[in-house]
Amino acid sequence: MPTGFLGKTLAAAGTAAALVLATAVPAAAAEPSAVEQDVAQLYQYVVDLYDGLPADALRHVDRLIESPIPRIGPQTQADDGPIPGCTEGSLLTYANKLAAQLSPLENKALDALSGLSQLYVQGVASDKTPQVFGTDGQYTARATTTIDKLRGFWDIESWNIQLVAWKGTDLGSQAKMAQTFSLGLAPAKVKAAAALATKVLYEIPALQGGRNPLITLNAFAAPAGSLGGKRVALGDGLLDTVDVLGFDDVSVESVLGHEYGHQVDFAHENHPRNESSEMGPDAYGGYFVAHAKGFAWNARTQQEVTYLDASIGDCYHSHGTPDQRKAAGAWGEKQATSQANPNRIVPSATMIEKFQKEYPKLMPPVAAARG
């Protein structure tokens with residue numbers, strides 16, 4: 001039975017594969033096919049690539065949902081077990097259903113290529129070249145408008161926060177993959193690894209030439225000290241999935257508002273090691289979309305944003321439950337709509353302080369469950 005997509009890691013999957021091989025009966029074991037050999041070799045190249053990165057390359061990189069690659073994003077507390085009575089958000093549920101349709105070989109190839117594409121968009125891609133958002137470019141205008149508004153809205157250094165498109169089809173470029181492998185793989189292996197990445201992409205039909213949404217079903221924010229510097233990345237697969245779930249009207253603006261919220265935290269060295277690391281950006285994003293100088297969205301659209309926040313909630317004391325994510329976004333929206341002066345923008349440091357005071361009120365159900 002396939003492991004849930006969002007909970008996997010390369011390290012864990014590699015261990016599982018090793019255990020299968022160790023317990024198989026040698027006489028009955030079939031010789032791996034050429035495709036299986038290709039996937040196994042690519043997987044090892046990607047593991048070696050990540051192992052070869054500088055120690056701080058991925059530090060404080062915050063992703064919208066769990067990554068299948070180790071060393072990325074905040075440390076979770078999943079080992080505590082699921083929260084009783086909690087149902088994960090609709091986006092996570094949908095993603096896991098998509099992953100369950102893949103064979104173990106397809107899952108392994110997807111893990112390797114997703115990790116590779118994550119590293120490309122973080123460490124190599126640049127907004128100095130035109131960025132195209134959405135599988136067919138359909139979100140480019142909205143993304144550009146939103147990042148421009150965010151840069152003018154929050155009182156943090158913004159000129160050097162790049163907005164880059166995370167596209168699975170970039171995996172089809174051997175030149176881009178060679179640049180990516182060069183970040184941490186032994187130079188003698190780079191050319192072969194880049195060629196193999198493109199080969200695997202096209203020899204497994206389920207990957208859809210990079211258009212399988214699972215490859216780029218995420219978004220993230222990276223701080224100045226990480227590989228590639230300050231940036232926000234927006235995945236095509238995430239936008240496609242949010243559209244399927246019915247949130248297309250608010251997808252780009254809500255997700256970018258959240259990810260830019262991480263930049264607000266980065267600017268003030270606010271790196272909480274609890275659920276507020278994700279719920280805070282939900283609140284800042286809610287404040288932005290509801291504010292008169294943000295998008296000034298009405299009550300119905302604000303509610304849609306909170307349901308999108310909830311769709312990304314989990315049940316493992318990690319990013320906040322659906323109810324907690326929804327509540328954080330709604331709190332942020334209320335800060336905007338209840339201001340005496342609707343045009344005043346609360347300073348970002350003050351917004352962080354206000355949310356940190358509110359945060360404990362959102363947590364009692366989880367605290368009780370953890371007992």
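Start by selecting strands β3 (residues 219-222) and β4 (residues 231-235): four bridges join them, and they run antiparallel. Strands and helices here are DSSP runs, numbered from the N terminus: E of at least two residues for strands, H or I of at least four for helices. Before going on, bear in mind that this is a predicted model, where local features need pLDDT of at least 70, side-chain atom pairs count only at pLDDT 80 or more, and totals for chains, interfaces and linings use all residues. Residues are numbered from 1 along each chain as its sequence is written, and side-chain values use heavy atoms, with hydrogens and water left out.

**The sheet**

Stay on β3 and show its side chains. A219 and A221 sit on one side, F220 and A222 on the other, and all of them are buried (under 20% relative accessible area with a 1.4 Å probe, protein chains only; over 50% is exposed, and in between is partly exposed). In a regular strand the side chains alternate between the two faces of the sheet.

Now click across the bridges. A219 has L234 of β4 as its bridge partner, while A221 stands opposite V232 in β4. D62 also stands opposite A221. Add strand β1 (residues 62-63), which pairs with β3 in the antiparallel sense over two bridges; two strands pair if DSSP finds at least two bridges between them.

Zoom out and you have an open sheet of four strands, in the order β1-β3-β4-β2, with mixed pairing. The edge strands are β1 and β2 (162-166), each pairing on one side only. Bring in helix α4 (residues 104-123): α4 packs on the sheet, touching β1, β2, β3 and β4, and its direction makes about 155° with that of β2. Contact means heavy atoms within 4.5 Å; axes are lines fitted to C-alpha atoms, for helices over the stretch in contact, and angles run from 0 to 180 degrees between N-to-C directions.

**F181 and its surroundings**

Select F181 next. Which residues does F181 contact, leaving aside neighbours within four places in sequence? They are L42, Y45, V46, L49, L116, V190, A193, A194 and A197. F181 is buried, at 0% relative accessibility, and Y45 is buried too, at 12%.

Y45 and F181 form an edge-to-face aromatic pair, 6.4 Å centre to centre with 70° between the planes. The rule: rings of Phe, Tyr and Trp (its six-membered ring) pair if their centres lie within 6.5 Å; planes under 30 degrees apart are stacked, over 60 edge-to-face, the rest tilted. Y45 is in helix α2 (residues 34-51) and F181 in helix α6 (residues 174-181), so the pair ties together parts 136 residues apart in sequence.

F181 and W154 touch the most other members of the largest nonpolar core, which has 99 residues. Such a core is a set of buried Ala, Val, Leu, Ile, Met, Phe, Trp, Tyr and Cys residues joined through side-chain atoms within 4.5 Å.

**More rings**

Jump to W154, which shares one aromatic cluster with F153, Y284, Y287, F288, F295 and W297. At F295, the charged end of K149 sits over the ring, 5.4 Å from its centre (NZ of Lys or CZ of Arg within 6 Å of the ring centre and within 35 degrees of the ring normal).
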